[in-house]
Amino acid sequence: MNLVHLHVALFGVHLPPRLALLLTVAFMIFLFWRDLREKPTVSGALWLPVLWLVLICSRSFTQWLNIFGLHAGGAVSVEEGSPLDACFYFALFVAGLCVLLSRQVRLSEIVAWLIVFVAYCLISILWSDFPLVSFKRWIKIFGHPIMALIVLTEPNLEEALIQLMKRCAYVVIPVSILFIKYYPHLGTRYDPWSGSQMRVGITTGKNELGADCLILGFFFFWYLLQIWRTERNSDRRNELRLIAAFLLMIGWLFYKAHSATAIISFLVSALVVVLLGMRSINKNRLGTYMLTALVLIVAAELAFSISGSVSEAMGRTTTLSGRTILWARLLEIDTNPIFGTGFESFWLGKRLQQLEGVFFFIPNEAHNGYLEVYLNLGLVGLFIIIAMLIAAYWKIRFELFRNFEWGRYRLGFLVAVLLYNCTEAGFRIFNPIFLVFYLIAIDYSRTYLGTAQQPLEVVRSDEGREFSYAERKV
C-alpha cells in the first residue's frame, strides 16, 4: 500500500506536473492490478458500466480525445450535439443490450413506474418544438437502465457494486486531484453564478464534481462499515487503508468543490446508514420516521426559512446562490403545466431568450430536479417521478429484511437523491446520480437469470453480522 500513502502525501507538496502525472498513472495502475489480482467474482461485462460511469462522472468522449490532443472537435450545436459522441454512446448501448440478451433479462421484472416514465418521455416528443432533437435525447435515456441491469444481473450483486464503484473511483478521484493541483487549465473553471474561480477536477463544473464525491464518498463510507466487521487480518488492514485514503481524498475534493448540496446530501445519507445499523431503530416504522422528518423539515422551512440559514452557514446567500431567483423566473415562463414542453425540450429555442438579462449568463438547467421535470414533462411527468421514488422506497423497505446491507445502501442513497434534487437537476440523461438511482430502484429478481449464471443472492444475517449465499425463492 506504499503507493496509496505516496499519492495521499501529494496533497501537501508540489511536484513538477509531469512527475505528478507519472505518479498518478502509476497509482491507478497499481490499484487496478491489486483488485484484478484478487480475482473478483464478476464478469468481464462489468467493464461496460464502469466505462459508462467514468464518462458521465467526467467528460464526454470527444472532450477526452481533445485533451489527449486528437482534436475530435465538439458539439455541432446545442440541438445537434456531437456526432462522434452519439456514435460512441450508441456502441455502448448495443454492447450492453447484447450482454442483457445473453443473460435473458426479462423487462417484466423491472419496476413498472420506470417503464411508465420512459414511455411517457417518448409520448411527450409529440408536443415538443424540436421533436427530432427530443427523440435523439430520448434514445440516450436507455443508457442508465441498460448499465444498471448489467450490474444487477451479475452473479454476485454486492461484489459487482463494489467493483463498479471502486474502479470508477480509481480514475475519477486521482485524476481530479491531478487536474486541480497540477493542470489548472483543465481542473479550474469560473462559476457562472458569481464569477469566482471554482475547482472542477475531472468534470466540467464544481456541482458535477460534488455529485461524483457524493456517489463515491457515500459508497466508501458504506463499504467501510462492511470491512470493519470482517475478521482481522492483513487483507482487512490493507482494505481499510485503501478506504481511509479515498475518504481523505474525497474529503479534500469536497472542500475544493465547495458544493453545498452534495455535502449536505452526503452527510444526511451517511447518517441514515448509521441509524439503520442501530438495533434501537425499528425497521417496520421506517415510513413513520421518514414522514415525521419530512413534516418537521417543511414546518421548519415555513416557520424559520432554514434553507436560507443553512445556505448562509455554508458561505452562500439566502437565495441559494441565486437559485430562488431563477426558480421564480422559470415559473413565470409560459409552458403547458399539465404536459410540459416535451422531453428535454425546455432549454431549446426562443424560451432561452426570455431569460436574457436576468443573469449575466443564460442558464441551461433549473438547478432543481423536480422543477426540471415539471418544465419538460409537466405535472404528469412530476407525478411519475414521485411515483418512482415511492415505489423504490417500498422495494427498499422489504430489501432491508432480506439483505440488510444492500437495503441500507439503497435507502441511504435514495435519501441522497431526494435531497440532491432540491437544488440540483439530478433527473437528467447524463447525470451520474440518475444512474445510481436506477441501480437502487430496480429490484431485479435473480431467479430469472440465464443458465450461464448462478442464481445466487448475498444475504446478510443481522444477528451474526456474517454474509452467506442462498438461492432466492420465487
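**Exercise 1. A salt bridge within one helix**

Task: For the salt bridge that Arg-402 forms with Glu-399, establish how far apart the closest N and O atoms are, and determine where in the chain Arg-402 and Glu-399 lie.

Solution: In this predicted model, Arg-402 and Glu-399 form a salt bridge in which the closest N and O atoms are 2.5 Å apart. Turning to the secondary structure, one finds both Arg-402 and Glu-399 in helix H17, where three residues, about one turn of the helix, separate them. The next step is to classify each partner by its relative accessible area, with under 20% taken as buried and over 50% as exposed. Arg-402 has a value of 32% and is therefore partly exposed, whereas Glu-399, at 2%, counts as buried.

**Exercise 2. Salt bridges between distant parts of the chain**

Task: Determine how many salt bridges a search of the whole structure finds, and then work out which parts of the chain are linked by the pair Glu-154 and Arg-103 and which by the pair Glu-239 and Lys-166.

Solution: The search of the whole structure finds 14 salt bridges. One of them joins the side chains of Glu-154 and Arg-103, with an N to O distance of 2.7 Å. This pair links distant parts of the chain, since Glu-154 is in the loop between helix H8 (143-152) and H9, Arg-103 is in the loop between helix H5 (83-102) and helix H6 (112-123), and the two are 51 residues apart. Glu-154 has a relative accessible area of 0% and is therefore buried, and Arg-103, at 7%, also counts as buried.

The side chains of Glu-239 and Lys-166 likewise meet in a salt bridge, at 2.8 Å from N to O. Here Glu-239 belongs to helix H12 (residues 234-257) and Lys-166 to helix H9, and their positions lie 73 residues apart in the numbering, so that distant parts of the chain are again linked. Glu-239 is buried, with a relative accessible area of 6%, and Lys-166 is buried at 2%. As a last step, the pair can be placed in its surroundings: Lys-166 and Glu-239 are part of a network of salt bridges that also contains Arg-34 and Asp-35.

**Exercise 3. The nonpolar cores**

Task: Identify which residues of the largest nonpolar core touch the most other members, name the helix that gives the most to this core, and list the contacts of Phe-246 beyond its neighbours within four places in sequence.

Solution: The largest nonpolar core has 127 residues, and those that touch the most other members are Phe-117, Ile-173, Phe-246, Tyr-409 and Phe-437. Helix H9 (residues 157-182) gives the most to this core, contributing 18 residues. Once neighbours within four places in sequence are set aside, Phe-246 is in contact with Phe-27, Leu-31, Ala-169, Tyr-170, Ile-173, Pro-174 and Phe-220. There is also a second, separate core of 12 residues, among them Leu-355, Ala-366, Tyr-374 and Leu-375.

Helix H9 also holds Ile-177, which is buried, with a relative accessible area of 5%. Ile-177 and Met-249, although 72 residues apart in sequence, have C-alpha atoms 8.0 Å apart in space.

**Exercise 4. A nonpolar patch on the surface**

Task: State which residues make the nonpolar surface patch of about 570 Å², and decide whether Phe-339 is buried, partly exposed or exposed.

Solution: The patch is made by Ile-123, Leu-126, Trp-127, Ile-338, Phe-339 and Leu-379. Of these, Phe-339 can be located in the loop between helix H16 (323-332) and helix H17 (369-402). Its relative accessible area is 37%, and Phe-339 is therefore partly exposed. As background, nonpolar side chains in soluble globular proteins tend to be buried together.

**Exercise 5. Loop residues**

Task: Find which backbone atom the side chain of Asn-431 reaches, and compare the settings of Gln-104 and His-367.

Solution: Asn-431 sits in the loop between helix H18 (404-420) and helix H19 (432-441), and at 12% relative accessibility counts as buried. The side chain of Asn-431 reaches the backbone nitrogen of Ile-433 at 2.8 Å. Apart from neighbours within four places in sequence, Asn-431 is in contact with Ile-56, His-144, Tyr-420, Ala-425 and Gly-426.

For the comparison, it helps to recall that most residues other than glycine have a negative phi. Gln-104 has a positive phi, near 55 degrees, and His-367 also has a positive phi near 55 degrees. Gln-104 is in the loop between H5 and H6 and counts as partly exposed at 49%, while His-367 is in the loop between H16 and H17 and counts as buried at 9%.

Technical notes
Residues are numbered from 1 along each chain as its sequence is written. This is a predicted model: local features need pLDDT of at least 70, side-chain atom pairs count only at pLDDT 80 or more; totals for chains, interfaces and linings use all residues. Side-chain values use heavy atoms; hydrogens and water are left out. A nonpolar core is a set of buried Ala, Val, Leu, Ile, Met, Phe, Trp, Tyr and Cys residues joined through side-chain atoms within 4.5 Å. Buried means under 20% relative accessible area, exposed over 50%, partly exposed in between (1.4 Å probe, protein chains only). Helices (H or I, at least four residues) and strands (E, at least two) are DSSP runs, numbered from the N terminus. Contact means heavy atoms within 4.5 Å. A polar contact is a pair of N or O atoms within 3.5 Å; within protein, one must be able to donate a hydrogen and the other to accept it, and residues adjacent in sequence count only if both atoms are side-chain atoms. Patches are made of residues with over 30% relative accessible area and no salt bridge: like charges are joined within 9 Å, nonpolar side chains (Val, Leu, Ile, Met, Phe, Trp, Tyr) within 5 Å. Accessible areas come from the Shrake-Rupley method with a 1.4 Å probe; for residues, only the protein chains shown count as cover. A salt bridge is a side-chain nitrogen of Lys or Arg within 4 Å of a carboxyl oxygen of Asp or Glu.
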